[in-house]
Amino acid sequence: MNRGVSGLYSYSMFQNYFKTALRNLWRSKGFSAINIVGLAIGLATCLLIIIYVLDELSYDRYNKKADRIYRLDGEIKFGGNHFILAVAPPLAGPSMLQDYPEVEQQTRFRGQGGLLVKKGNQNIREDKVIYADSTLFDVFTLPMIAGDPRTALTVPHTVVITEKIARKYFNSTDIIGRTLMINDSVSYKVTGVIRDLPTQSHFSFDLFLPMSQLPDSRATDQWLSNNFNTYIVLKEGADPKRLEAKMGGMITKYIAPLIRSAVNQSLEDFQKGGNFVTFSITPLTSIHLHSNKMAELGANSNIQYVYIFSAIAAFILLIACVNFMNLSTARSSNRAKEVGVRKVLGSLRGHLITQFMAESILISFMAMLLALGFAWLLLPYFNQMASKEMSLGLFSRAWLAPGLLVLVMVVGVLAGSYPAFFLSAFRPIAVLKGDLSSGFKTGWLRNSLVVFQFGISIFLMVGTVVIYNQLSYIRTKQLGFNRDHVLIIQNSYPLGERIKAFKEDLLKLPGVEGATMTGYLPTSDNRNDNAFFRSPDLDTKNAISMQSWSVDENYIPVLGMEMAKGRNFSPQFLTDSDGVVINGAAARMMGIADPVGEKLYELMDVQTKKLKAWHIVGVVKDFNFSSLREVVIPMGLFLREDRGNIALRVNSGNMQQLVSRVEDKWRTMAPGQPFSYSFMDDDFNALYKSEQRMGRISLSFSLLAICIACLGLFGLAAYAAEQRTREIGIRKVLGATVTNIIGLLSRDFLQLVALSALIAFPFAWWAMHHWLQDFAYRVDISWKVFALAALLSVGIALFTVSFQAIRAALLNPVKSLRSE
């Protein structure tokens with residue numbers, strides 16, 4: 001046979017396969033619909049998760065030097081506390097550039113908090129503000145629209161802004177040399193406009209101020225403080241592990257002399273006491289998924305979620321493929337005679353395999369087209385759940401279209417391989433005689449696949465219930481303070497000296513029960529850690545590292561805290577200005593049953609060794625001021641004025657009206673200044689956004705997995721009923737009731753679902769036990785979780801199967817026997 005004839009034959013053969021596949025799909029429309037919809041849901045879910053995972057993995061990769069940029073991190077253990085930090089001392093970055101030839105450049109960020117920027121007669125609060133070194137643009141790829149990156153941040157009282165801010169205040173990006181009035185006091189000259197930062201960045205700022213105007217950016221005695229986010233660029237070919245191994249030299253060179261000066265101890269003695277200070281480096285591209293340290297520049301994600309969702313995508317796709325395999329083999333009797341006739345007429349097994357694989361790939365292709373539609377429809381909701389701005393990117397990602405075609409082929413081959421080999425293996429003589437041994441009851445592999453399907457669904461069900469139990473526990477746990485009905489007026493600095501009068505006016509409003517003024521709240525991220533000593537000789541064995549918060553005498557009652565010992569601050573005791581109220585964790589660290597009256601000493605100046613003595617006036621019961629992932633650490637409350645926020649204890653039937661009255665008071669006292677407020681319970685819930693997102697996404701995926709599994713179970717039940725039509729008719733003639741028939745058809749499936757639960761439960765317990773270890777305060781995984789999952793899975797399976805079972809049971813036995 002020449003090549004032309006052979007090619008024509010091959011074309012005709014594949015054309016015949018295609019037509020036959022379409023004919024078979026149309027002939028079994030119900031089966032085809034179940035297969036295509038099930039695969040489409042699985043592929044759509046897989047596609048959405050692939051987009052999510054790629055988005056997570058792309059963070060910070062827009063930087064041209066991303067593979068050579070590292071963040072310098074600190075780790076400190078002292079005074080009973082252990083801090084793992086995303087920050088380093090002020091001089092750590094410049095010292096690394098000077099001392100280590102592997103380092104090409106360094107740059108630093110220093111947190112600023114919000115600023116008030118004048119626009120017309122109004123001040124607008126901008127929170128995305130940071131101090132940065134002039135070397136910022138040598139490290140990070142931040143394309144500049146206007147200005148010179150080499151000089152943009154070299155002079156004090158200059159600012160580099162993003163395109164968004166430029167258009168917001170000037171309606172243009174051609175604004176070099178123009179000024180922004182900040183905090184109603186200082187004009188900052190715009191020296192650069194950069195493009196808006198990509199969303200896939202672990203930091204997001206709109207205004208960059210020059211580091212040179214910060215007094216502590218070059219302080220030589222600041223090696224014991226850690227407050228600068230520091231980044232280095234390594235030279236081409238430099239080994240980061242070798243550099244990290246040498247970084248202990250900075251401890252010896254710079255920090256050891258300060259330790260000796262401060263507490264009269266050598267570094268070795270300091271370390272023998274269980275204390276240490278170390279530095280390490282984190283790759284820039286690992287920060288978003290692998291770093292959850294103190295003082296991060298933004299909320300990072302977790303690589304565990306990437307692993308979990310990737311596994312869920314694979315599982316759901318496998319469930320959809322298992323549906324195809326199950327339904328195809330279950331229909332074996334329907335296709336058996338076709339196979340027998342084809343073999344008698346000379347079809348080779350290879351041709352039959354190709355025919356069935358062609359059908360499978362065709363179904364997979366149709367499912368992919370439907371999946372793209374599902375994904376397009378669901379993406380806005382998925383973005384809302386995941387708090388992202390993702391797109392399908394069918395045209396922007398050059399690899400996506402070929403990748404989807406490969407996925408279609410893989411899914412088609414994976415789902416169709418077993419049915420193809422299974423059906424093509426039938427012996428024609430036995431099949432044409434009606435002897436088909438692979439009926440529904442003997443399909444051990446099919447039963448195993450059903451167990452696999454529902455096992456995954458039950459696993460996801462248990463995980464979702466545990467996540468929601470933990471989130472419910474977080475919402476209802478007694479935290480040591482009352483976060484309900486607390487209105488927080490944020491950034492009250494613009495009130496200036498009028499703040500006390502403003503506070504008194506608020507207390508006169510109906511519905512306001514109390515007010516406190518402080519920059520430190522349990523639901524905020526404002527933290528300040530200092531070292532205290534039990535004796536004036538600064539013995540590190542008796543040192544306590546604890547949070548130092550500035551509060552007023554109303555702080556404890558307004559926030560609903562309780563005293564364990566001693567008393568709260570009082571205006572009647574003038575000596576309270578030198579007093580401190582410690583929490584229970586600090587008292588336990590001191591090892592004294594009643595520490596009231598004891599003294600703590602704070603080193604105010606390392607060089608002069610100036611000490612400040614604080615006397616303990618009371619012990620407040622522990623309250624959670626960090627995430628419930630962390631245990632409560634030692635804390636001290638100090639009677640000092642802090643104008644950061646005003647927190648109000650309110651009790652009003654019309655909260656919106658009360659907020660409006662508070663805002664009116666603000667407008668009177670601080671005209672032209674932005675009024676910003678929040679409720680403490682909302683701020684608390686915001687601490688657990690990632691867990692809430694995970695809970696919502698897990699619930700959605702669990703429902704999808706169950707939906708796909710039920711589609712398959714529905715199809716299997718239909719074919720089981722079809723294959724046992726004659727048996728059902730005979731049983732009804734012999735007196736079987738509808739209930740008997742339903743039980744007969746449901747029993748096999750319920751046994752499989754029960755087996756699925758027994759297999760899934762240990763794996764689900766292990767996975768969720770491991771996830772809960774991230775929380776210092778967590779729920780126990782109760783047996784009720786597994787009982788609920790078992791009842792739900794059995795109920796769902798019974799509901800799915802019962803429809804077909806009832807339909808078969810109600811069929812007239814005369815018709816069923818006549819059709820047989």
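How many cavities of 30 Å³ or more does a search of the whole structure find? In this predicted model, the search returns two. The second largest cavity holds about 40 Å³ of space. Its lining is made up of Asn624, Phe625, Ser626, Ser627, Glu630, Val631 and Val632. Sorted by class, that lining comprises three nonpolar, three polar and one charged residues.

Open pockets were examined as well. For the second largest pocket, the computed volume is about 470 Å³. The pocket is lined by 20 residues, of which Ile308, Phe459, Trp766, Ala767 and Met768 are the closest to its centre. At least two lining residues come from each of four helices, namely H10 (303-330), H15 (444-476), H21 (689-723) and H23 (738-772). In terms of class, 14 residues of this lining are nonpolar and six are polar, while no charged residues occur in the lining.

Helix H16 spans residues 499-507, and Ile499, Phe502, Lys503 and Leu506 are buried within this helix. These residues lie on the same side of H16, because the arc that they cover around the axis is only 100°. Such an arrangement can be related to helix geometry: with 3.6 residues a turn in an α-helix, residues three or four places apart point the same way. The packing partners of the buried H16 residues are three strands, E14 (486-490), E15 (512-518) and E23 (645-650), together with helix H19 (655-669).

Thr252 belongs to helix H7, which covers residues 248-263. The relative accessibility of Thr252 is 51%, and Thr252 therefore counts as exposed, the cut-off being over 50%. When residues up to four places away in sequence are not counted, Thr252 touches Pro257 and Leu267. Between Thr252 and Leu267 the sequence separation is 15 residues, and the C-alpha to C-alpha distance is 7.7 Å.

Confidence was assessed along the protein chain. The mean pLDDT is 84, and a value of 70 or more is reached by 87% of the residues. In the stretch formed by residues 5-9, the pLDDT is below 50, and the model shows two contacts for this stretch beyond near neighbours in sequence. The pLDDT is also below 50 over residues 437-442, a stretch with 14 contacts in the model beyond near neighbours in sequence.

How values were computed:
Residues numbered from 1 in each chain as written. Predicted model: local features only at pLDDT ≥ 70, side-chain atom pairs only at ≥ 80, totals over all residues. Heavy atoms only, no water. Buried < 20%, exposed > 50% of the residue type's maximum accessible area, 1.4 Å probe, protein only. Arc of directions from axis to C-beta. Contact = heavy atoms within 4.5 Å. 1 Å grid on protein atoms, 1.4 Å probe; cavity = no way out; pocket = protein on both sides within 12 Å on 5 of 7 lines; lining within 4 Å. Points joined across faces, edges and corners; volume = space filled by probe spheres on them. Nonpolar A, V, L, I, M, F, W, Y, C, P; charged D, E, K, R; others polar. pLDDT = per-residue confidence, 0-100.
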